[in-house]
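Please walk me through this protein model, taking the strands, the helices, the aromatic rings and the backbone in turn.

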Amino acid sequence: MTPAAPTHERGITTLTLDSPANRNALSARLVGELSAALAACAADDTVRAVVLTHTGNTFCAGADLTAPADPAAFVALMRQIVALPKPVVARVTGHVRAGGLGLLGACDISAAGPGATFALTESRLGLAPAVISMPLLPRMDPRAAARYYLTGERFDAAEAARISLITLAAADDVDEALAPVLDGLRRASPQGLRASKELVAASVLESFDQHAEDLIARSAALFASEEAREGMTAFLERRDPAWVW
């Protein structure tokens, strides 16, 4: 993803985002390879649940501005996570930005350590968190979503847990915090997990089914706009865009 080889321990398969050169940004290659790895997990009866984690200090930096994934492919990946018949657990010890929060929101359970930070930076680039709204808005506190969608402010794991972006914030060791969660998943039956996930994911899947086409078109229009071109160019050139006073 470019992925490290999946690891498997007592029914839990770990998929690791391992593209440090671009901070695990959402390139076409990462989206395609992660989708293939998830499909393999879905078909493997020895996999009870999936942990999605990362190397380096960034879980996912959002869209790869130099080689972006097609919005429809990214939407399909997020929906695949939500609809996967096995729980997907995000393990975060670093930074999450923009589209990376869409991956996080699609996961069933998520834990972040004290070094994790989060920001919905799209508005600062002339964009909007369009397609990632489908997994985020059904789960996040709506007043917090309004604030962070509009301002692009950075916040920590404790705030992410408070606003229901993540499930739990670890005070120290994220693996220690996740241990009882993974133990619970191992104790659950495959059928029980599948049926229970269908219940809790139903409203998120409904959001995809109702809004995907419109939000993909809206995202593409924003990316093609002159204002977004200025925002993305300014980001790559490490300067303020023209509209900053």
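The paragraphs below follow that order.

The model is a predicted one, and a good place to enter it is strand 5, which covers residues 88-92. Five of the five residues in this strand are buried, so strand 5 is largely enclosed by the rest of the structure. In a regular strand the side chains alternate between the two faces of the sheet. In strand 5 both faces are covered, with Val88, Ala90 and Val92 buried on one side and Val89 and Arg91 buried on the other. Arg91 is thus among the buried residues of this strand.

The neighbours of strand 5 can be read from its bridges. Strand 3 (residues 49-54) runs parallel to strand 5 and is joined to it by three bridges, and in this pairing Val50 stands opposite Val88. Strand 7 (residues 109-112) also runs parallel to strand 5, and here the two strands are joined by four bridges. Within that pairing, Val89 has Ile109 as its bridge partner, while Arg91 is partnered by Ala111.

Strand 7 in its turn has both faces covered, since Ile109 and Ala111 on one side and Ser110 and Ala112 on the other are all buried. Two bridges join strand 7 to strand 10 (residues 168-169), and these strands run parallel; Ala112 is the residue of strand 7 that stands opposite Ala169 in strand 10.

Turning to the helices, helix 2 (residues 71-83) and helix 3 (residues 99-106) have axes that come within 8 Å and cross at roughly 25 degrees. An angle under 35 degrees counts as roughly parallel, and helix 2 and helix 3 are therefore roughly parallel to each other. The contact is made by Phe74, Leu77, Met78, Ile81 and Val82 from helix 2, which meet Gly99, Gly102, Leu103 and Ala106 from helix 3. Sorted by class, the residues in this contact comprise seven nonpolar and two polar ones, with no charged residues.

The aromatic rings come next. A pair of aromatic rings is described by the distance of the centres and the angle of the planes. The model has two aromatic pairs. In one of them, the ring centres of Phe118 and Phe155 are 5.8 Å apart and the planes lie at 20 degrees, so this pair is stacked. Phe118 belongs to strand 8 (residues 117-119) and Phe155 to strand 9 (residues 154-156), so the pair ties together parts that are 37 residues apart in sequence. Phe118 and Phe155 are both buried. Phe155 also forms an aromatic pair with Tyr148, and this one is tilted, with 4.2 Å from centre to centre and 35 degrees between the planes. Tyr148 is buried, as is Phe155, and the ring pairs link Phe118, Tyr148 and Phe155 into a cluster.

Last comes the backbone. Most residues other than glycine have a negative phi. Arg10, however, has a positive phi near 50 degrees; this residue lies in the loop between strand 1 (4-9) and strand 2 (12-17), and Arg10 is exposed, with a relative accessible area of 60%. Arg238 likewise has a positive phi, of about 55 degrees, although it is not a glycine. Arg238 is found in the segment after helix 9 (226-236), and with a relative accessibility of 80% this residue counts as exposed. Arg91, by contrast, is buried within strand 5.

How values were computed:
Residues numbered from 1 in each chain as written. Predicted model: local features only at pLDDT ≥ 70, side-chain atom pairs only at ≥ 80, totals over all residues. Heavy atoms only, no water. Buried < 20%, exposed > 50% of the residue type's maximum accessible area, 1.4 Å probe, protein only. Pairing = 2+ DSSP bridges. Phe/Tyr/Trp six-rings, centres within 6.5 Å; stacked < 30°, edge-to-face > 60°. Axes fitted to C-alpha atoms, helices over the stretch in contact; angles between N-to-C directions. Parallel < 35°, antiparallel > 145°, perpendicular 65-115°, else oblique. Contact = heavy atoms within 4.5 Å. Nonpolar A, V, L, I, M, F, W, Y, C, P; charged D, E, K, R; others polar.
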